[in-house]
Amino acid sequence: MEIRKLPPHPALTKRLRVAAYVRVSRESERLTHSFSAQVSYYNQLISSTPDWEYAGVYSDYAATGTSTTGRDEFKEMITTALGGGIDIILTKSISRFARNTVDLLKTVRELSAAGVSVRFEREQIDTATAQGEILITLLASFAQAESESISANAKWGIRKKYADGHLHSRQPYGYHYTNGHLSIVEEEAAIVRRIFTDYLAGISPEKIATRLNNEGVCARHGGRFHASMLRRILENETYTGDAICQKQYRPRIGDKRCEANTGQLTKYLIEDSHQPIIERAVFDAVQAELHKRRNSGGLAATPGCGTGLTHKILCTTCTRHYHRRTKTKNGQSYKYWWCETATKGHGNPCKAHQLREEKIRAIICSALGLSDWDDETIIEQIARIEATPDWLLTIHHTDGRSMTIDYRTGSEVNH
């Protein structure tokens with residue numbers, strides 16, 4: 001019997017699924033068609049390369065590379081890659097992919113673990129190689145330094161405008177900001193005047209907000225009015241035609257939240273910088289009324305709307321007041337007090353504790369020798385209560401005395 005040896009079948013080459021990421025960060029690049037040119041380049045490159053399968057070109061227009069905020073297509077690309085839909089990602093440079101070293105390395109390593117490599121054309125780096133990650137760590141540090149330099153230059157420019165008496169990108173309700181100037185939006189300005197008038201008439205911000213919402217009056221971008229929003233309006237000196245610049249700042253590049261400027265940076269007062277909506281005498285009267293209501297525990301002009309603890313509990317970390325909240329657990333609701341900073345939904349940087357109202361009342365009644373809670377007595381006898389992250393409550397009496405109580409045990413602490 002004759003046995004014929006047949007040649008082996010050629011191995012089938014797997015086609016790699018290749019995608020590209022394009023990000024343009026400057027308006028000038030859009031004007032020179034850099035954005036569309038890059039997209040066309042990658043479309044052609046991937047489609048014309050043998051053994052490559054087109055997996056899409058993802059593109060974003062972003063103001064900064066320090067974070068992934070607003071980079072929806074970038075996020076979609078990473079999700080697709082981690083889900084097994086992409087083998088290789090092409091991009092122009094590290095600075096286009098990310099300028100934050102930590103985020104860059106985290107993303108690259110997640111992709112590598114999923115078998116996805118990233119190729120940076122300008123730096124000629126392929127993360128699939130051993131040398132790739134070493135070079136990325138080094139070059140990403142340079143890219144982050146570049147981002148910090150750009151941010152520092154931008155901040156310098158903004159502060160120079162403040163020092164020269166010019167505004168920068170502020171647009172409170174009632175105004176429209178254009179080319180460094182504020183112009184009145186009359187429809188919104190009428191609402192601002194009403195808010196100030198109603199407040200001086202003794203109506204609380206909560207009731208004003210409810211009335212506006214029930215009437216179908218919309219805040220900016222069609223949103224609803226809230227009491228906290230109205231308080232910011234009532235306290236905003238911009239409506240008098242003056243502007244205090246740099247009241248807030250971001251301590252670090254990439255920070256999403258601003259912090260109050262309590263002396264870290266110079267503030268600038270620009271008087272008569274724009275047309276006022278509220279007369280100065282009216283604004284001053286509102287500030288006096290705000291101060292009066294706060295000192296009276298919020299009960300001066302709004303009977304039944306507050307409690308004896310309103311504006312009494314103070315956070316020792318951020319110096320903001322504690323706010324009253326309601327929580328429902330296992331079908332049962334209870335009141336508690338928490339630092340205003342924590343209630344805004346951006347974490348709890350003060351490490352403030354939620355203080356149950358029932359327990360605080362028991363502690364205060366014991367400290368004052370009261371058998372039952374009485375709002376008027378509390379307002380009359382207690383100036384403020386300072387709350388610390390260590391569960392300590394320092395009760396300051398209106399007669400100058402003070403005592404510190406451990407919230408957990410209810411016992412007095414001797415210093």
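A salt bridge, as the term is used on this tour, is a side-chain nitrogen of Lys or Arg within 4 Å of a carboxyl oxygen of Asp or Glu. To see one in this predicted model, select Arg401 and Asp399, which form a salt bridge whose closest N and O atoms are 2.9 Å apart. Arg401 itself counts as partly exposed, at 48% relative accessibility. By the same rule the count comes to 17 salt bridges, and a few others will appear at later stops.

**First stop: the sheet of strands 1 to 5**

Select strands 1 to 5, which form an open sheet in the order 2-1-3-4-5 with mixed pairing. Strand 2 (52-61) and strand 5 (125-126) stand at the edges, and because each has a single partner strand, one side of each is left without a neighbour in the sheet. Now add helix 3 (residues 72-82), which packs on the sheet and touches strand 1, strand 2 and strand 3, its direction making about 150° with that of strand 2.

Next, look at strand 1 (residues 16-24) beside strand 3 (residues 88-91), where four bridges join the two in the parallel sense; in strand 3, Ile88 is the residue that stands opposite Val18.

Stay in this region and select Arg17 and Asp87, which form a salt bridge with the closest N and O atoms 3.1 Å apart. Since Asp87 lies in the loop between helix 3 and strand 3 while Arg17 lies in strand 1, the pair ties together parts that are 70 residues apart in sequence. Asp87 is buried, with a relative accessible area of 12%, whereas Arg17 is partly exposed, with a value of 25%.

**Second stop: the sheet of strands 12 and 16 to 19**

Another open sheet of five strands, again with mixed pairing, has the order 12-16-17-18-19. Its edge strands are strand 12 (313-315) and strand 19 (412-413), each of which pairs on one side only. Strand 18 (residues 402-406) and strand 19 run antiparallel and are joined by two bridges, and here you can find Thr404 opposite Val413.

Then select helix 12 (residues 357-368), which lies across strand 12, strand 16 (382-387), strand 17 (392-397) and strand 18, running at about 45° to strand 17. Within helix 12, Glu357 and Arg361 lie four residues apart, about one turn of the helix, and they form a salt bridge with the closest N and O atoms 3.8 Å apart. Glu357 counts as buried at 7% relative accessibility, while Arg361 counts as partly exposed at 26%.

**Last stop: a network**

Finally, select Arg194, Asp198 and Glu215, which are linked in a network of salt bridges.

Note on methods
Residues numbered from 1 in each chain as written. Predicted model: local features only at pLDDT ≥ 70, side-chain atom pairs only at ≥ 80, totals over all residues. Heavy atoms only, no water. Pairing = 2+ DSSP bridges. Contact = heavy atoms within 4.5 Å. Axes fitted to C-alpha atoms, helices over the stretch in contact; angles between N-to-C directions. Buried < 20%, exposed > 50% of the residue type's maximum accessible area, 1.4 Å probe, protein only.
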